[in-house]
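Me: I am new to this structure and would like a close look at a single part of it. Please set that part in its surroundings as well.

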Amino acid sequence: MKWRNGWIGAAALILTACGGDDEQQKAQTAKDEQPATGQVEVWRFGLEEIEGSVQYEYANRFAEIVSEKTDGQVEVRLFPYGQLGGLTDIYDQVQAGSVQLAFGSGFLGGTVPESQLFSLNFILTDDELRNTQILNDEAFRKNDDLIDSFRERSLHPLAIVPEGWQVWTANKAVRTPEDFAGLAIRTMDNRLLRETYSAYGANPTTMEYGELYSGLQLGQLDGNIQPVFAHQEMDFYQVQDYMIFANQAQFIATVMANADWYDNLSDEHEQVIEDAVVELVPYIHEVQTRLNTERLNIITENSDIEVIRLTPEERAVFRERSLPVRDVFVDMVGDRGENLLNALLELVEEGAPESADEPVPTTETNDSIAPGESPTQPELDHADNASDDAAESVTP
């Protein structure tokens with residue numbers, strides 16, 4: 001592909017640090033780039049995905065907003081995936097302060113264990129806009145336990161960005177846990193994911209991301225879990241017969257800052273960031289919806305794959321089996337993780353924030369889409385700047 005995910009995503013997309021020593025050196029000397037008073041101030045933003053991705057579109061619009069609100073006195077400089085090294089290199093650099101801002105998703109669980117909350121299944125609604133609103137509601141985004149979990153690692157969370165559903169593919173139709181019986185499905189080497197898919201009746205199997213296509217092609221694996229864009233960009237769909245939407249989890253990334261840098265911002269610049277991340281909530285929902293819709297259309301138009309959407313009754317069976325994995329998460333991360341889980345579930349139960357826009361109506365779709373038929377989606381009016389190119393990603 002040319003992307004990343006997830007998550008816990010995710011498996012590592014895994015380019016080898018394309019930027020090399022030159023880019024690493026640039027990142028390490030970032031503080032030296034900061035100009036004297038009166039000149040343009042540079043904020044570096046490290047991405048897990050390449051140009052054209054959801055993360056790139058978010059960061060690019062963020063940069064525009066910051067420039068507008070500071071009358072051009074702050075430049076947000078983007079570093080797409082590969083320019084600063086691999087994923088852990090990006091995390092290390094934002095922790096060290098050589099990069100001021102960065103995205104963190106699946107692999108971030110190794111740095112901030114509490115962030116593995118987002119790999120749990122069936123903790124959010126099946127309305128993607130509502131989920132984006134809930135995750136960015138101040139009651140969760142500024143939750144003390146969430147803030148503290150990042151700040152203990154020299155980071156500060158700013159926003160949470162869902163990038164689309166994690167979708168199953170397999171060589172057989174999967175509608176029930178019985179259909180999963182014995183099915184070797186590739187997961188990241190992650191305890192929560194192994195526990196989840198074992199509970200579903202599958203045989204969770206770890207395989208390097210770069211080997212995944214051949215593993216599916218040669219029959220070493222029977223199934224796969226990725227966001228739509230990853231299935232399309234890496235051509236996984238070409239060696240699978242069914243694509244199953246269970247709406248069990250989304251691929252979710254966190255926008256984070258170096259904590260010391262954030263603490264030393266002026267009140268004005270801190271407010272600029274706050275205004276930007278609030279403004280970006282509806283924007284990035286529209287962008288990710290459009291990008292994933294385009295890629296699903298490519299899949300259905302260029303293959304015989306059958307798309308299945310589980311009914312609420314079918315999803316409920318899987319949800320019931322996923323519930324014990326929440327206890328595994330709590331055992332892994334402790335009281336803080338439990339508090340965060342409960343806070344999120346409470347917001348989900350209450351519904352979307354009162355201050356948020358009304359969710360867009362859920363699109364009516366056929367339970368199963370015939371090969372070559374494109375699923376309909378609502379038209380999006382505000383995502384004109386999103387690119388058709390894919391992003392290199394880490395996918396579960």
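In which helix does valine 287 lie?

Reply: Valine 287 is part of helix H13, which covers residues 267-301. Helices (H or I, at least four residues) and strands (E, at least two) are DSSP runs, numbered from the N terminus.

A word on the basis of these values. The model is predicted, so local features need pLDDT of at least 70 and side-chain atom pairs count only at pLDDT 80 or more, while totals for chains, interfaces and linings use all residues. Residues are numbered from 1 along each chain as its sequence is written, and side-chain values use heavy atoms, with hydrogens and water left out.

Valine 287 has a relative accessible area of 0% and is therefore buried. Buried means under 20% relative accessible area, exposed means over 50%, and partly exposed is in between, with a 1.4 Å probe and protein chains only. The C-alpha atom of valine 287 is 7.6 Å from that of glutamate 57, although the two residues are 230 positions apart along the chain.

Glutamate 57 leads to the neighbouring part of the sequence. Tyrosine 58 lies in helix H3 (residues 54-69) and phenylalanine 103 in strand E3 (residues 101-104). Both of these aromatic residues are buried.

The wider chain has 15 helices and 11 strands. Of its 396 residues, 59% are buried. Among contacts with a separation of 6 or more, 80% join residues 24 or more positions apart; contact means heavy atoms within 4.5 Å.

The structure contains 14 aromatic pairs. Rings of Phe, Tyr and Trp (its six-membered ring) pair if their centres lie within 6.5 Å; planes under 30 degrees apart count as stacked, over 60 as edge-to-face and the rest as tilted. Tryptophan 43 and tryptophan 261 form an edge-to-face pair, with 5.1 Å centre to centre and 85° between the planes. Tryptophan 43 is in strand E1 (residues 41-46) and tryptophan 261 in helix H12 (residues 259-263), so this pair ties together parts 218 residues apart in sequence. Tryptophan 43 is buried at 0% relative accessibility, and tryptophan 261 is buried at 16%.

Ring pairs also link Trp168, Phe180, Tyr197, Tyr200 and Phe318 into a cluster. Phenylalanine 318 is in helix H14 and, at 0% relative accessibility, is buried. Not counting residues up to four places away in sequence, phenylalanine 318 touches several residues, including Phe122, Val174, Pro177 and Leu310. From C-alpha to C-alpha, phenylalanine 318 is 9.0 Å from asparagine 121, with their positions 197 residues apart in sequence.

A loop residue can be added. Asparagine 136 sits in the loop between helix H5 (128-135) and helix H6 (138-141). With a relative accessible area of 11%, asparagine 136 is buried. Apart from neighbours within four places in sequence, asparagine 136 is in contact with Arg141, Ala159, Ile160 and Val281.

Last comes a pair of helices. Arg326, Phe329, Val330 and Val333 in H14 meet Asp335, Gly337, Glu338, Leu341 and Leu345 in H15. By class, this contact has 5 nonpolar, 1 polar and 3 charged residues. Here Ala, Val, Leu, Ile, Met, Phe, Trp, Tyr, Cys and Pro count as nonpolar, Asp, Glu, Lys and Arg as charged, and the others, Gly among them, as polar.
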